[in-house]
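Open the model in your viewer and keep the selection tool at hand. Each stop below tells you what to select and what to look at.

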Amino acid sequence: MAPKHPPRAGRGDRDLEVNPIFTREPLTVPRYRLPAGEMEPSTAYQLVHDELMLDGNARLNLATFVSTWAEPEARLLMAECADKNMIDKDEYPRTAELELRCVHMLARLWNAEDPRRAVGCSTTGSSEASMLGGLALKRRWRERRRTAGEPADRPNLVMGVNVQICWEKFANYFEVEPRYVPMEGDRHHLGAREAVELCDENTIGVVAVLGSTFDGSYEPVADIAAALDDLQARTGLDVPIHVDGASGAMIAPFLDPDLLWDFRLPRVASINTSGHKYGLVMPGVGWALWRDEDALPDDLVFHVNYLGGDMPTFALNFSRPGAQVVAQYYNFLRLGFDGYRRVQQGCRDVATRLAAEIGRLGPYELLTGGDELPVFVFRVRGDAAGFTVYDVSAGLRELGWLVPAYSFPENRTDLDVLRVVVRNGLGHDLADLFMDGLHRVTSRLRSHEHAPRDPREDGGFAHGAEPKKVRARQV
Ligand SMILES: *Cc1c(COP(=O)(O)O)cnc(C)c1O
């Protein structure tokens, strides 16, 4: 937890030293105490700047899904809007209007039946958007139960064990029983039959992930919807779907227009995405949309003053930066449909090419090929090359590349993988350099005797693909 700052051996609570080249006082400042007095802005800047040099290079971070590159004009707009608070709709009516335009654009992109009836909002990311989606499902379920005179105290949510950690948080924070469908054999995400088998009268909804964090694969949303239609025909249970499209909701509309996953499926009540992933904005913006007002219970919505009128809001935060929303609008305007299609196609081309080349190297086996999300995972072949994915991850890190290695959840804990996320900014040239690096690491590992690495030390951060606290339910 953040407040702890363990004194390191030898360094302890020692002050930070200021480079004497500045010939300014103070020459040291406390590390963990508020300094007693002031210092020159340039001195403070240099101190902070220098300390941050040891952060990884964001562009070489192939672990994250979040944008690490933006056009200078987008950065400029963000700097210009750094002082705007998203909640001050009355004070910054144009920023509020741009948010609204983005919601309408997304409603059309996701094929809402009547885009003018769709409702939605910006959030800090998909995590907050998922909480809002989950809360709406829970509230609607409770209303249905109460109207029917049935108990409404044991809600559950059905999802694959591969869901991102935000769904585990939702279940924990808002007291909903998480029902995880485990992986089985080569099924590494939610299956339609398995989802339906876990549904009952207390199920508030099913979460389908468009673009699993574990392997970049799309879950079969249309099949899940069809299986739930069948469940309703058989039993009367009407279970809505929330699509977690954190990554995929900004990929599929451009690259897979015929794939049915969005509001074209009547069972899809709500969708979230991360504006800061394939929406191409720098971190922190997400979006949550509901197909119509019926899908978002009015008693969850609060009202703020807007131009003397009334503006509905649904959010966990109050104050929040407006700059990212402005940058999202900028990107929509700047790229248009075709620009997004070309950027995403570029990512998919790089991902599928890299995956194919890695598959040909010899010791690696692909689990996914980068043809859904531009994300793929691979493992070291079973016939033991004499090294592990953790060795590869550590070797790549020595060259500056951040590629996480992690193991799959229960039932497939035998699977240890490396994951590469291709984002805007990782072009073919950088991809070539990455392949050179992987070649070097691989041949070194093949030729040397070495002690295998410990996954706990060398796997790196799995970005949401961590093991769940609650065991998956067997179906
Ligand atoms: C990244 C991710 C999230 C969390 O999104 P943030 O925008 O980082 O809060 C949720 N679900 C999926 C599938 C993701 O990939």
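The tour goes from a pair of strands to the ligand and ends at two single residues. Keep in mind throughout that this is a predicted model.

**Stop 1: two strands and a helix**

Select residues 156-160, which form strand β4. Now add residues 177-181, strand β5. In which sense do β4 and β5 pair? They pair in the parallel sense, over 5 bridges. To see one position in this pairing, show M159 and find Y180 in β5, which stands opposite.

Next, add residues 165-173, helix α5. Together, β4, α5 and β5 make a β-α-β unit, and this unit is right-handed.

Stay with β5 and show the rest of the protein around it. How many of the 5 residues of β5 are buried? The count is 4, so the strand is largely enclosed by the rest of the structure. A residue is called buried here when its relative accessible area is under 20%.

**Stop 2: the ligand**

Select the ligand, then the residues around it. There are 13 of them, and those that come nearest are S126, S127, D244, H276 and K277. By class, this shell has 8 polar, 3 nonpolar and 2 charged residues.

Three of the contacts can be checked with the distance tool:

- S126: a polar atom of its backbone is 2.7 Å from an oxygen atom of the ligand.
- H276: here a polar atom of the side chain lies 2.7 Å from a ligand oxygen atom.
- K277: an N or O atom in the side chain is 2.8 Å from an oxygen atom of the ligand.

How much of the ligand does the protein bury? Taken alone, the ligand exposes 380 Å², and the protein buries 89% of that.

**Stop 3: E194**

Move to residues 192-197, helix α6, and select E194 within this helix. Is E194 buried or exposed? Its relative accessible area is 8%. That value is under 20%, so E194 counts as buried. Now show the side chain of R193 as well: the side chains of E194 and R193 make a polar contact at 3.0 Å.

**Stop 4: I271**

Finally, select residues 268-274, strand β8, and pick out I271 in this strand. I271 has a relative accessibility of 0% and therefore counts as buried. Add W290 to the selection, which is 19 residues away from I271 along the chain. What separates their C-alpha atoms in space? The distance between the two C-alpha atoms is 6.6 Å.

Conventions. Residues are numbered from 1 along each chain as its sequence is written. This is a predicted model: local features need pLDDT of at least 70, side-chain atom pairs count only at pLDDT 80 or more; totals for chains, interfaces and linings use all residues. Side-chain values use heavy atoms; hydrogens and water are left out. Buried means under 20% relative accessible area, exposed over 50%, partly exposed in between (1.4 Å probe, protein chains only). Two strands pair if DSSP finds at least two bridges between them. A crossover is right-handed if, with the strands pointing away from the viewer, the path from the first strand over the helix to the second runs clockwise. A residue is near a molecule or strand if one of its heavy atoms lies within 4 Å of it. A polar contact is a pair of N or O atoms within 3.5 Å; within protein, one must be able to donate a hydrogen and the other to accept it, and residues adjacent in sequence count only if both atoms are side-chain atoms. Accessible areas come from the Shrake-Rupley method with a 1.4 Å probe; for residues, only the protein chains shown count as cover. Ala, Val, Leu, Ile, Met, Phe, Trp, Tyr, Cys and Pro count as nonpolar, Asp, Glu, Lys and Arg as charged, and the others, Gly among them, as polar.
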